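Me: Before I rely on any label for this protein, I would like to go through the reasoning behind each one. Could we take them in turn?

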Amino acid sequence: MLRPVEHRRVVQLYRHLTLRLGLTEAGPLLTLALVGLFGWGFVSLAGEVIEGETLAFDRTLLLSLRNPANLADPIGPTWLEESARDFTGLGGHAILGFVTLSTLGYLLMTRRRGAAILVVAAVVGGMVASALLKMGFERPRPDLVPHEVRVYTASFPSGHAMLSAVTYLTLGALLARVHKPRRVKLFFLLLAIVLTVLIGASRVYLGVHWPSDVLAGWCVGAAWAGMCWYAALVLQRRGQVETEAPPPPPDHGTSATRP
């Protein structure tokens, strides 16, 4: 048990640190905690992949999604395979680029320039980080089953899983931030999470990624999105990122109403 004097010192130290870091609410504290958790998850997975400790898990799960009599045939009906292709396309560079540019246009038209810069920095930075990680690990793609879609890069971490987490989680958090009703906030966040999970799962189902690739992509993508969101919270308090659209400028071309 802490004595009263020690307790006061701990409280004062906590207040000092939170003020220095801009953490005066539970939101930023939770964001940093999640960044640390997901970052630790990625580092742990990367270490196990390098040592080959995930191979048994990867092989078992990947083969469980295929017809034992024909490994070229994913389990489930034909429409499920087509749906997986549709979902995996939502994590491609073309779709993510289109979604990002569309969001950027909306933010600029509503004069949220700070938020627009944040979105560009988060997505472009995530793409650069994904490319560097792939070049650093250079893990080969799965060769147990035929690939149902074409692939061009290394396997670890999954670029689709990582970049969908970066893009959709950042946009979901941004949309949640500018709406007051809690149910609307929850809707945007859950929508972003579900979409990210479906995209990553489709990569394993189509045989183009090891399961550990996707788990690592989710971890590093969520950590990156969390860091960007923490930066947004800090910048919002400094007035550099807008939470609401500013009022429209007055229309000087309209003549005054005559009495």
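**Reasoning behind the labels**

Reply: Let us begin with the surface of this predicted model: the accessible surface of the chain comes to about 15,200 Å², and 67% of that belongs to carbon and sulfur atoms.

Me: How do you know how many helices and strands there are in the chain?

Reply: Helices are DSSP runs of at least four residues and strands are runs of at least two; by that rule the chain has 9 helices and 2 strands, and from the N terminus on they follow the order α-α-α-β-β-α-α-α-α-α-α.

Me: What makes a residue count as buried, and what percentage of the chain is buried?

Reply: A residue is called buried when its relative accessible area is under 20%, and 40% of the 259 residues in the chain are buried.

Me: Why is the largest group of 13 residues called a nonpolar core?

Reply: The name applies because its members are buried residues of the nonpolar kinds, joined through side-chain atoms within 4.5 Å; of the 13 residues, those that touch the most other members include Leu 107, Val 119 and Trp 229. Helices H5 (93-109), H6 (113-137), H7 (159-177) and H9 (211-237) each supply at least two residues of this core, and the largest share, 5 residues, comes from H6.

Me: Which residues is Leu 107 in contact with, leaving aside its neighbours within four places in sequence?

Reply: With contact taken as heavy atoms within 4.5 Å, Leu 107 is in contact with Arg 112, Arg 113, Ala 115, Ala 116, Val 119 and Leu 174. Apart from this core lies another, of 11 residues, among them Ala 46, Phe 156, Met 162 and Cys 219.

Terms used
Residues are numbered from 1 along each chain as its sequence is written. This is a predicted model: local features need pLDDT of at least 70, side-chain atom pairs count only at pLDDT 80 or more; totals for chains, interfaces and linings use all residues. Side-chain values use heavy atoms; hydrogens and water are left out. Buried means under 20% relative accessible area, exposed over 50%, partly exposed in between (1.4 Å probe, protein chains only). Accessible areas come from the Shrake-Rupley method with a 1.4 Å probe; for residues, only the protein chains shown count as cover.
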